[in-house]
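Visitor: Please take me through one part of this model at close range. I would like the local detail, and then whatever surrounds that part.

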Amino acid sequence: MMQLGLIGYPISHSKSPEIFKRFFTNLQSDTANPKTLFIQWDYQLLPLESINDLINLLLKNNQILGLNVTIPHKISIIPFIEFLSVEAANIQSVNTVCVIPKKLNTAFELSLKKLNINCLSNPSFNEEITKYPSNKVEQNTKDSQPPHTFKSHAHENFFENFSLWGFNSDYYGIKASIQTLCPSKPISAIVLGDGGSAKTVKYVLNELNIPFQTYNRSTKNPQTLHWDKLHQIEPDTLFINTTPIGMWPHISEFPPIPFHLVKPNCKFLDLIYNPEITLAMQEFIKRSCIAMNGKLMLQQQAEKSWEIFQLAGEVVSIPPQ
């Protein structure tokens, strides 16, 4: 069984299990793909409140081959990643992870060429963070070693046997969403939020040569302005909400946008997909603007993740002779 899953917190609203269940069903009917037909797949939600518990999760679920990563771990997971795709390295945000036995690293790297994915060693990779703090260890009376020695040894040696490979499939989904929503290039964009998804959005906007300004509740980044600095909105502006504000179950909330300044020809991309129409989307629609939710982004990034997971499954199941 090849185990896949989603880590983040909270994740009970996620549609990823439904999407991947469709992928698994479609694969079983794809007789043109004999190499992976025999592989059994499963996808689970794996709530992870602290990224520091990642290695413990992988040790407890040793069949995990791949993970999707969502809020709030897309940036904080990077020190755990030994190899990053070029996009993930440039964006500094990861939403797809593969767990590969070290002896198969070369085979996996070569396999990724099929998707035109190139990877780099991650200079931020830090094996030390895999050590399990002794003050968090549960008693294990079945093992003759002291509990902290046993647990620490297991965590410290995880990367002696496995490598984590990180990718950013959000890049493909966000780019497809912007190009679908905006057939002609907008004059400018306003990015709401400054987390992992915002990093990907800004990378895509730069690639598409769309100037933008970022607004957020926190302004640790000197290039980011506070919400209350949004005083003027130009015509033909593309708004992109990268925050979870308005996401289920907090559907009565919305980002503090001065909607009275929004022009009818503005566009709004909300990366939230549950609910399908957020309050913020409703406000834009009231003003004769086109609004899109995050369903296309979710589908496109999931498809790219699935392509990567299948390559990993093929490599792990059929080691090179």
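Guide: What follows starts at one strand and works outward from there. The model is predicted. Residues are numbered from 1 along each chain.

The part to look at is strand β12. Strand β12 covers residues 267–270. Which of its faces are covered? Both are. K267 and L269 sit on one side. F268 and D270 sit on the other. All four are buried. The charged residues K267 and D270 are thus among the buried ones.

Now the pairing. Strand β11, residues 237–241, runs parallel to β12. Four bridges join the two strands. At the level of residues, L238 stands opposite K267. Strand β13, residues 290–292, also pairs with β12. Here three bridges make the join, and the strands again run parallel. L269 has M292 as its bridge partner in β13. So β12 has a parallel partner in β11 and another in β13, with the definition of pairing asking for at least two bridges.

Next, the approach to β11. D236 belongs to the loop between β10 (224–226) and β11. Its phi is near 60 degrees. That is a positive value, and D236 is not a glycine. D236 is partly exposed, with a relative accessible area of 21%. The cut-off for buried is under 20%, so D236 falls on the partly exposed side.

The loop between β11 and β12 holds P249. The peptide bond from W248 to P249 is cis. Its omega is near 10 degrees.

Now turn to helix α10, residues 279–286. What does K286 bind through its side chain? K286 forms a salt bridge with E283. The closest N and O atoms are 3.4 Å apart. The two residues are three apart in the helix, so about one helical turn separates them. K286 is exposed, at 61% relative accessible area.

E283 has another partner. The side chain of R287 meets that of E283 in a salt bridge, at 2.8 Å from N to O. R287 is partly exposed, with 25% relative accessibility.

Helix α11 covers residues 295–317 and has a salt bridge of its own. K304 and E307 meet there, at 3.2 Å from N to O. They are three residues apart, so about one helical turn lies between them. The accessibility values fall in separate classes. K304 counts as buried, at 16%. E307 is partly exposed, at 32%. Back at E283, shared partners join E283, K286 and R287 into one network of salt bridges. A search of the whole structure gives nine salt bridges.

From here, look to helix α8, residues 170–181, where K175 lies. How far is K175 from Q300? The two are 125 residues apart in sequence. In space they are 9.4 Å apart, C-alpha to C-alpha. Setting aside neighbours within four places in sequence, K175 is in contact with V204, E207 and L208. K175 is partly exposed, with a relative accessible area of 23%.

The structure also holds one cavity of 30 Å³ or more. What lines the largest cavity? The lining is S85, E87, I117, F167, N168, Y172 and I308. By class, four of these residues are nonpolar, two are polar and one is charged. About 30 Å³ of space lies inside. Y172 falls within the residue range of helix α8, and I308 within that of α11.

Two backbone features remain, outside the strands above. One is a cis peptide bond that joins Y9 and P10, with omega about -5 degrees. P10 lies in the loop between β1 (2–8) and α1 (16–28). The other is at Q92. Q92 has a positive phi of about 60 degrees, although it is not a glycine. The loop that holds Q92 runs between α4 (86–91) and β5 (96–101). Q92 is partly exposed, with a relative accessible area of 29%.

To return to the start: β12 is covered on both faces. It runs parallel to β11 and to β13.

Note on methods. Predicted model: local features only at pLDDT ≥ 70, side-chain atom pairs only at ≥ 80, totals over all residues. Heavy atoms only, no water. 1 Å grid on protein atoms, 1.4 Å probe; cavity = no way out; pocket = protein on both sides within 12 Å on 5 of 7 lines; lining within 4 Å. Points joined across faces, edges and corners; volume = space filled by probe spheres on them. Buried < 20%, exposed > 50% of the residue type's maximum accessible area, 1.4 Å probe, protein only. Contact = heavy atoms within 4.5 Å. Salt bridge = Lys/Arg side-chain N within 4 Å of Asp/Glu carboxyl O.
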